[in-house]
Each structure stands twice: as C-alpha cells, then as structure tokens.
Amino acid sequence: MFFIGIGTAVPPQRHAQRDGWDAVQQWPKFSALKPRSRAILKKVLCGDNGIERRHLALDTLAEAFDPTPDSLQARFATHAPALATGAARRALKNAGCQPEEMDAVIISTCTGYLCPGLTSYVSERLGLRPDVFALDLVGQGCGAAMPNLRTGEALLAAGRAKRVLSICVEVCSAAFFIDDDPGVLISACLFADGAGAAVLACEPRAGSRRVEWKYTASRLVTAERDTLRFSHQNGMLRNILLPQVPQVAGEIAGKLFSESLAAAGVDRKQITGWIMHTGGRDVILAMQKELGLSAEDVRHSSSVLREFGNISSPTVFFVLERALNDAVPDGLWWMSAFGAGFSCHGALLEVGRP
C-alpha cells in the first residue's frame with residue numbers, strides 16, 4: 001500500500017492558550033469552581049505545556065463553558081462533515097485524483113455520532129460514486145488513524161479497491177465543558193478540532209515521493225482501559241484522562257516498537273523518521289525517554305502540538321504531512337499512535353524518492 005496524497009483541515013477560528021484563560025475568568029460560574037480546578041486551568045492555559053494555539057469550531061470561547069447535549073451534537077453535525085470534506089479535497093488534489101476514482105471511503109471519529117454516518121455526508125459533498133464502499137469506524141480515540149489505514153490496506157490487498165480514501169475527523173470541542181473533574185478540565189485545555197485524510201493505492205504516484213506501508217502492529221491493553229476513555233454523563237461525552245497516561249503510553253509504545261522491529265527484521269539504526277501522535281508535552285517527553293528519541297526526532301510532532309494542540313485521531317496525518325515537506329531522510333519511518341482502550345498502534349513506512 002502506498003500513500004499517494006495527504007490533506008489536512010482545521011476550523012478558521014484560532015485561539016491562543018492565554019485567550020482561554022482570559023475568557024474562562026469572565027465566565028459567571030468561574031468563582032464557583034474549586035480552587036484546585038481554577039489552579040489547573042491557569043497552569044495548563046498559561047504555563048509551558050507545548051501548546052501555543054488551537055483551532056476550535058467555536059465563534060467565541062464562551063461557547064465552551066455552558067453547553068447542552070443538543071448544542072454539542074449540533075456542533076459535531078455541523079463541523080465534522082465540513083472538516084472531513086476539506087481534508088479529503090486537499091488529499092485528492094495532492095494525489096492528482098478525482099473523487100470518482102475512489103473505490104472506498106473510511107472515516108474514523110470518536111467525538112460525535114451520526115446515523116447515517118459521516119461517510120454519507122462526505123461522499124455526497126465530494127461527489128463520490130454511488131457504489132463507493134463506505135465504512136464508518138467509531139470508538140478508537142486518538143489512535144484511530146492506524147486501524148483506519150490498516151483497513152484500507154486490507155481492501156487494497158484483497159483486490160476489493162484500487163483507490164481508498166482514509167479520513168479521520170474530530171470535533172473535540174463537541175465534548176468540551178467545564179466542571180471540577182481534572183480530566184475534563186485538562187481535556188478542554190489540550191484538545192482541538194481538525195481532520196486528516198490520505199489517498200491510498202496499490203502503486204505509488206509517478207513523480208512524487210514514495211511512501212509505502214510496509215509493516216504494522218497493534219496492542220490492546222484492556223487492564224488500562226480506564227486510563228483514557230470517554231464516558232457519558234448528563235447526555236454529554238466526558239473524557240476520562242488520568243495522570244498516568246504519559247507513562248502508560250510511553251511504556252506500551254516502547255514495547256510495541258521493540259517487538260515490531262524484531263518481527264520485521266529491522267535494526268533500530270535503520271529508522272530515519274518519526275511520525276508520532278502528539279498527545280501532549282508530557283506524552284512526547286515519555287516517548288522520547290522510552291524510545292530513546294531526541295528533540296530533533298520529534299520536532300514535527302512538537303510543532304503540530306504547538307500550533308494546533310492535540311487534534312486526536314487526525315494528528316498523525318498532520319505530522320506525516322509536515323515530515324514529507326521537510327528534509328527528513330529517506331528510509332524507514334516509524335508511525336505510531338495510541339488511544340482509548342488502552343490501545344497502541346505502529347507502522348513502518350518506507351519513504352523514498354521517485
């Protein structure tokens with residue numbers, strides 16, 4: 001399987017982290033929060049947590065403070081199809097493909113629910129063929145891009161498709177609200193909205209950089225399920241985000257990486273590029289420690305986090321796009337993402353010149 005086109009999209013509204021602190025202090029219920037909650041908000045929004053700004057589907061930040069289940073669902077229904085379509089159009093243009101060439105479209109999300117799913121709305125907006133195979137994947141959290149791509153690989157390998165459109169989209173602001181739960185507070189300060197897409201094919205695109213999916217592996221650690229997941233309360237998604245997430249993510253990702261190299265018969269010295277899900281500053285630091293990476297190795301993940309925040313499942317598309325446009329050496333690249341479950345996924349990409 002080859003990546004022949006990459007595209008990303010974010011809402012036009014961009015908010016600096018400090019703007020969030022200024023806005024929440026104007027919220028009438030701010031003084032009713034516990035002192036610890038107010039301290040968490042100030043620390044995350046004003047401190048050095050690796051994020052400078054985020055794109056959110058909010059006209060004003062005040063919209064995040066007093067939502068209802070209906071307003072959150074409306075936000076997802078409005079913005080998820082638009083963001084997914086925008087990323088897909090950019091990926092198609094990058095691939096030099098027309099929408100009618102797509103044999104399958106796979107869309108992953110965890111921040112909202114539609115029936116029919118997002119594939120119905122995105123297929124209509126893009127003008128995909130009526131006989132396109134459309135598959136909606138839900139509930140895989142920040143790591144969803146990897147199983148999405150693996151599904152595309154299976155369709156291509158089985159001869160069921162020649163071109164697959166892979167899309168991840170998250171409207172994390174459709175799960176934002178403020179209360180005294182530390183996980184909820186930190187989530188509202190870290191996550192952002194956006195979409196990423198890739199056009200997948202059995203052959204590389206002539207004249208463009210070759211990106212081939214060579215090997216993939218996943219690990220599901222159910223004992224850590226409650227470390228990172230969504231729950232429901234009062235009709236709204238509530239993010240459970242425990243303090244040990246960076247440690248758990250680093251340990252599982254490190255083990256998966258070592259096992260994958262052994263299974264693929266690859267020496268660590270052969271890895272020339274790193275496409276890592278950002279998570280957050282502490283997650284990136286944990287990845288550096290467990291995988292023995294330098295700040296230079298994770299510079300693209302760090303820059304995506306700094307400029308966009310944690311976009312959840314689309315993040316690896318943003319990082320891959322940035323790395324392909326930079327002077328990252330050809331060779332084997334390691335792509336990895338983790339998410340709810342607790343799940344962790346990795347893939348070896350072989351990148352080369354035409």
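Biologist: Which residues of helix α8 (residues 281–291) are called buried?

Modeller: They are Val-283, Ile-284, Ala-286, Met-287, Gln-288 and Leu-291. Buried means a relative accessible area under 20%, exposed means over 50%, and partly exposed lies in between, with a 1.4 Å probe and protein chains only. Please keep in mind that this is a predicted model, in which local features need pLDDT of at least 70, side-chain atom pairs count only at pLDDT 80 or more, and totals for chains, interfaces and linings use all residues. Residues are numbered from 1 along each chain as its sequence is written, and side-chain values use heavy atoms, with hydrogens and water left out.

Biologist: What do the buried residues of α8 pack against?

Modeller: They pack against α7 (245–264), β11 (271–276), α9 (299–308) and β12 (331–339). Contact here means heavy atoms within 4.5 Å. Just after α8 comes Gly-292, with a positive phi near 65°.

Biologist: What makes a stretch a helix or a strand here?

Modeller: Both are DSSP runs numbered from the N terminus: H or I over at least four residues for a helix, E over at least two for a strand. The protein chain has 10 helices and 13 strands by that rule.

Biologist: How do you know how compact the chain is for its length?

Modeller: Its radius of gyration is 19 Å, close to the 20 Å from the globule rule for 354 residues, so the chain is as compact as a globular protein of that length. The radius is taken over C-alpha atoms, and the rule is 2.2 Å times the number of residues to the power 0.38. Along the principal axes, the C-alpha atoms fill a box of roughly 60 × 45 × 35 Å. Of the 354 residues, 58% count as buried. Among contacts with a separation of 6 or more, 79% join residues 24 or more positions apart.

Biologist: How do you know what length to expect for helix α5 (residues 145–157)?

Modeller: The expected span is 1.5 Å times one less than the number of residues. With 13 residues, α5 reaches 18 Å from its first C-alpha to its last, close to the expected 18 Å. Its buried residues include Met-146, Asn-148, Leu-149 and Leu-155. Gly-159 follows α5, with a positive phi near 75°.

Biologist: Why is Ser-108 called buried or exposed?

Modeller: Its relative accessibility is 0%, so Ser-108 counts as buried. Ser-108 sits in strand β4 (residues 104–109). Leaving aside residues up to four places away in sequence, Ser-108 touches Asn-148, Leu-137, Ile-167 and Ser-313, among others.

Biologist: What makes the phi values of Asn-234 and Ser-312 worth a look?

Modeller: Phi is positive in a residue other than glycine, near 55° at Asn-234 and near 65° at Ser-312. Asn-234 lies in the loop between β9 (228–233) and β10 (236–241), and its relative accessible area is 64%, so Asn-234 is exposed. Ser-312 lies in the loop between α9 and α10 (315–324), and at 3% relative accessibility Ser-312 is called buried.

Biologist: How do you know whether the peptide bond from Cys-115 to Pro-116 is cis or trans?

Modeller: Omega is near 5°, and the bond is cis. Pro-116 belongs to the loop between β4 and α4 (118–126). The bond from Gly-341 to Phe-342 is cis too, with omega near 0°, and Phe-342 is in the loop between β12 and β13 (343–352).
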